[in-house]
Amino acid sequence: MKFGTLYAYWTRDWSCDYFEIADKCKKAGFDVMEIGGGHLLDMSDSEIERLRDYCRDLGLTISCNIGPPKDCDVSSSDPVKRQNGVDWVCGILRQMVKIGSKVLIGAFYNCWPNTVIDGSKEAMWERSVNEMKKIAKVAEELDILLCLEVLNRFESPLLNDCDEGIRYCREVGSPNCKLLLDTFHMNIEEDDMAGAIRKAGDLLGHVHVGEANRKLPGMGRLPWAEMGKALRDIGFDGIVVMEPFMKPGGAVARDVCLFRDLSDGADEKTMDENIAKSLVFLKSAFLG
Ligand SMILES: [Mn+2]
């Protein structure tokens, strides 16, 4: 099991200086920095190489997180949007090869966030699976793992619990197509969080962690020890990435519907200390 964090812990907008964030990840004790995959499309080859080398020297690997825009939705009834979606994701996969990133995560089975049923759920599902098969083929060629994020009902109508995630992955039928379970979404949708991890088993490719209100692990009430035991029982050897959202203001808070300060007014130094402490807590709960 490796441990990482989403870069957005340290930003108010969906942009940042990844070199600075990489230093912060390293200092907090992480092995992985999760970046915005879409940013790779705006970076030149030399910028990508520079970040790749910088992270390699720090001993950090990179995972990529994406949320497709509305016009890149592979579940859409509009064939142009579906094609855009395939092209957008495959474009990011090709950039990932350059930076040496092996894991693409997110809800790219539709756009994000998405609360609209386009025709029927069944029709969206079928279109999405068909397009995902094409994306998975490219991922197989490039040796990149796709981890589809199961989201709560307020962010997508398609994959809301582990059962739906498993069914979707089986329909895609690629060894490079797995699931991402996120404790924040699971807390809303799953009856049994550790049970969902066990059920996913070998299909679990990536894990996102945060408390029920998206505070850092250890600051709330989720069953961390139980989930850790389940991860060890299924032999999970992927990446566990924190996805904390604690500061209001800016595009990040707006997009995750955070309208109050969950950090207790923490300054940057305290934010740095809190995430390092949370990592120690999480490792003890997950590694046993
Ligand atoms: Mn997540």
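**Exercise 1. Find what Ala8 touches, leaving aside its neighbours within four places in sequence.**

Solution. Start with the contacts, where contact means heavy atoms within 4.5 Å. Ala8 is in contact with Trp14, Phe245 and Val252. Before going on, note that this is a predicted model, in which local features need pLDDT of at least 70 and side-chain atom pairs count only at pLDDT 80 or more, while totals for chains, interfaces and linings use all residues. Residues are numbered from 1 along each chain as its sequence is written, and side-chain values use heavy atoms, with hydrogens and water left out.

Next, place the residue: Ala8 sits in the loop between β1 (2–6) and α1 (18–28). Helices (H or I, at least four residues) and strands (E, at least two) are DSSP runs, numbered from the N terminus.

Then check its surroundings. Ala8 counts as buried because its relative accessibility is 4%; buried means under 20% relative accessible area, exposed over 50%, and partly exposed in between (1.4 Å probe, protein chains only).

Finally, look along the chain. Ala253 is 245 residues away from Ala8 in sequence, yet 9.8 Å separates their C-alpha atoms.

**Exercise 2. Work out the order in which the strands close into a barrel, and the sense of their pairing.**

Solution. Step one is the overall order: 8 strands close up as β1-β2-β3-β4-β5-β6-β7-β8, with parallel pairing. From one strand to the next, the twist averages 30 degrees. For such angles, axes are lines fitted to C-alpha atoms, for helices over the stretch in contact, and angles run from 0 to 180 degrees between N-to-C directions.

Step two is the rule for pairing: two strands pair if DSSP finds at least two bridges between them. Strands of a sheet pair through backbone hydrogen bonds, either parallel or antiparallel.

Step three is to follow some of the pairs:

- β1 runs parallel to β2 (residues 32–36), joined by 3 bridges; Gly4 has Val32 as its bridge partner in β2.
- β1 also runs parallel to β8, with 4 bridges; here Thr5 is partnered by Met242.
- β7 (residues 204–209) pairs with β8 (residues 239–242) over 4 bridges in the parallel sense, and Val209 has Met242 as its bridge partner.
- β3 (residues 61–66) and β4 are parallel and share 4 bridges; Ser63 stands opposite Val103 in β4.

**Exercise 3. Decide how enclosed β1 and β4 are.**

Solution. Take β1 to begin with: 4 of its 5 residues are buried, so the rest of the structure largely encloses this strand.

Now turn to β4 (residues 103–106). Val103 and Ile105 on one side, and Leu104 and Gly106 on the other, are all buried, so to speak of its faces, both are covered. In a regular strand the side chains alternate between the two faces of the sheet.

**Exercise 4. Explain how the buried residues of helix α8 (residues 224–233) are arranged.**

Solution. List them: Trp224, Met227, Gly228, Ala230 and Leu231 are buried. Seen down the axis of α8, these residues fall within an arc of 160 degrees (taken from the directions from the helix axis to the C-beta atoms), so they line one face of the helix.

What covers them? The cover includes α6 (183–189), α7 (193–200), β7 and α10 (268–287). Among the residues that Phe286 touches, not counting those up to four places away in sequence, are Trp224, Met227, Gly228 and Leu231. After α8 comes Gly235, with a positive phi near 65 degrees.

**Exercise 5. Identify the residues with the most contacts inside the largest nonpolar core.**

Solution. Begin with the term: a nonpolar core is a set of buried Ala, Val, Leu, Ile, Met, Phe, Trp, Tyr and Cys residues joined through side-chain atoms within 4.5 Å. The largest has 95 residues, and Met33, Leu93, Leu104 and Phe286 have the most contacts inside it. Another core, of 7 residues, lies apart from it and includes Ile105, Cys147, Ile239 and Val241.

**Exercise 6. Count the disulfides.**

Solution. A disulfide is a pair of cysteine sulfur atoms within 2.5 Å. The structure holds 0 disulfides. For Cys25, the closest cysteine sulfur is in Cys55, 8.2 Å away, which is too far for a bond. Cys169 is in no disulfide either, and the sulfur of Cys177, the nearest, is 4.1 Å away. Cys25 counts as buried at 0% relative accessibility, and Cys169 counts as buried at 3%.
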